[in-house]
Amino acid sequence: MQTPRKPADSGVDAGQPKRFVFVLLDKFTMLSYASAVECLRIANRMHGDDTYSWTLIGEGGETVTCSAGTTFNLDGDLNDLHRDDVVMLCSGIDVQESTTKKLLAWLRREARKGLTIGGLCTASYTLAKAGLLDGKRATIHWENADSFAEEFDEVDLTKSVFVIDGNRLSTAGGTSSIDLMLKLIANDHGEELANAVADQLIYSSIRTDQDTQRLSIPTRIGVRHPKLSMVIQMMEANIEEPISPSVLAQDVGMSTRQLERLFRRYLNRSPKRYYMEIRLQKARNLLMQTDMSVINVALACGFASPSHFSKCYRAHYDTTPYRERGSKAATYKV
């Protein structure tokens with residue numbers, strides 16, 4: 001299935017529509033892209049004229065397929081842009097594979113013009129790889145946050161749904177594109193137009209850059225117990241150097257036995273087991289999304305030795321870290 005192309009705007013002059021250039025990477029997430037472009041379409045309708053225009057480009061300039069399997073016709077290749085264009089990279093799964101040398105060189109060249117450049121969903125990875133987020137605040141989909149933080153320590157990674165830092169934009173994926181675009185529309189034309197767009201989208205809770213992307217701990221675990229939530233929050237914040245259950249219990253004013261009963265009652269596992277699962281989940285993300293050695297992954301997730309890490313990993317995932325890394329490489333070669 002192919003989508004019809006929208007004619008590309010030739011440039012941005014005084015009185016011309018503000019042009020958004022969507023750069024679609026292979027396997028990009030349709031929801032992130034569609035959420036952004038629909039905000040522009042509705043803004044034009046509510047504003048009464050074409051205050052925004054947009055064009056779709058990508059490497060090769062022909063077609064690109066999103067992660068859902070739909071193929072999009074592109075308006076052009078990675079060509080020179082006007083300095084007033086707003087660039088929006090759209091990516092999704094396997095963003096590392098879609099981040100090519102040609103794309104990185106093009107991004108660096110266009111960035112030197114002072115363009116506003118944003119990344120939707122996982123595209124913050126591409127921006128960071130090009131060096132465009134050095135010293136900047138940014139966000140990325142929570143599933144990619146662990147690997148991103150390990151690879152790009154010069155970027156101030158946040159958990160926000162979107163971030164605007166100067167002329168660099170980033171979102172966490174999904175419907176966070178709506179929040180970012182509503183903010184940009186409000187900056188351009190005021191809150192009234194942005195709210196009108198939100199109403200058309202039946203989007204009743206507009207989030208700001210102060211809102212975090214993941215559900216709260218009580219919502220995620222389905223339990224509203226303040227001390228349990230506090231302990232889990234401490235666990236998630238201390239992966240590389242795990243805290244003992246006795247210290248966790250002491251920090252929330254409980255005995256170790258009380259903490260044990262609390263976890264058994266609500267989560268049907270011990271605090272130690274739950275903590276181990278959190279660490280192993282991060283380890284799996286790092287194995288699948290980075291080129292870190294297995295030893296470094298083990299250390300980053302609080303395991304003192306590769307052998308202990310491998311034993312725990314195999315018990316939980318029924319495979320070894322080395323085989324997991326091998327399956328990733330095999331998948332990428334297909």
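Here a colleague and a modeller talk through a predicted model.

Colleague: Before we start, what are the ground rules for this model?
Modeller: Residues are numbered from 1 along each chain as its sequence is written, and side-chain values use heavy atoms, with hydrogens and water left out. The model is predicted, so local features need pLDDT of at least 70, side-chain atom pairs count only at pLDDT 80 or more, and totals for chains, interfaces and linings use all residues.

Colleague: OK, how many disulfides are there?
Modeller: The test for a disulfide is a pair of cysteine sulfur atoms within 2.5 Å. C39 is in none, as its nearest cysteine sulfur, that of C90, is 13 Å away. The sulfur of C90 has its closest cysteine sulfur in C121, at 9.3 Å, which is too far for a bond. By this rule the count is zero.

Colleague: Is C39 buried or exposed?
Modeller: Buried means under 20% relative accessible area, exposed over 50%, and partly exposed in between, using a 1.4 Å probe and protein chains only. C39 has a relative accessible area of 0%, so the class is buried.

Colleague: Which residues of α7 make the contact with α1?
Modeller: Helices are DSSP runs of H or I with at least four residues, strands are runs of E with at least two, and both are numbered from the N terminus. Contact means heavy atoms within 4.5 Å. On the α1 side sit C39, I42, A43, R45, M46 and H47, and from α7 come L193, A196, V197 and Q200.

Colleague: At roughly what angle do the axes of α1 and α7 cross?
Modeller: Axes are lines fitted to C-alpha atoms, for helices over the stretch in contact, and angles run from 0 to 180 degrees between N-to-C directions. The helices are α1 (residues 30-47) and α7 (residues 191-200), and their axes come within 9 Å. The crossing angle is roughly 115 degrees.

Colleague: What is the strand order in the six-stranded open sheet?
Modeller: Two strands pair if DSSP finds at least two bridges between them. Pairing in this sheet is mixed, and the edge strands, each pairing on one side only, are β3 (52-57) and β10 (162-165). Neighbouring strands are turned by 15 degrees against each other on average, direction ignored. The order reads β3-β2-β6-β7-β11-β10.

Colleague: How many residues of β6 are buried?
Modeller: V86, M88 and C90 point one way from β6, V87 and L89 point the other way, and all are buried. For C90 the relative accessibility is 1%. The strand is mostly covered, and the buried count is five of five.

Colleague: Which residue in β7 stands opposite L89?
Modeller: β6 and β7 run parallel, joined by five bridges. L89 has as its opposite number G119.

Colleague: And what stands opposite G119 in β11?
Modeller: β7 (residues 116-120) and β11 (residues 168-171) pair in the parallel sense over three bridges. Opposite G119 in β11 is S170.

Colleague: Which strand does α6 run at about 40 degrees to?
Modeller: Helix α6 (residues 176-189) lies across β2, β3, β6, β7, β10 and β11. Helix α1 lies across β2, β3, β6 and β7, at about 150 degrees to β3. For α6, the strand at about 40 degrees is β10.

Colleague: Last one: how far apart are the C-alpha atoms of A249 and E277?
Modeller: A249 is found in helix α10 (residues 245-251) and counts as buried at 0% relative accessibility. A249 and E277 are 28 residues apart along the chain, and their C-alpha separation is 19 Å.
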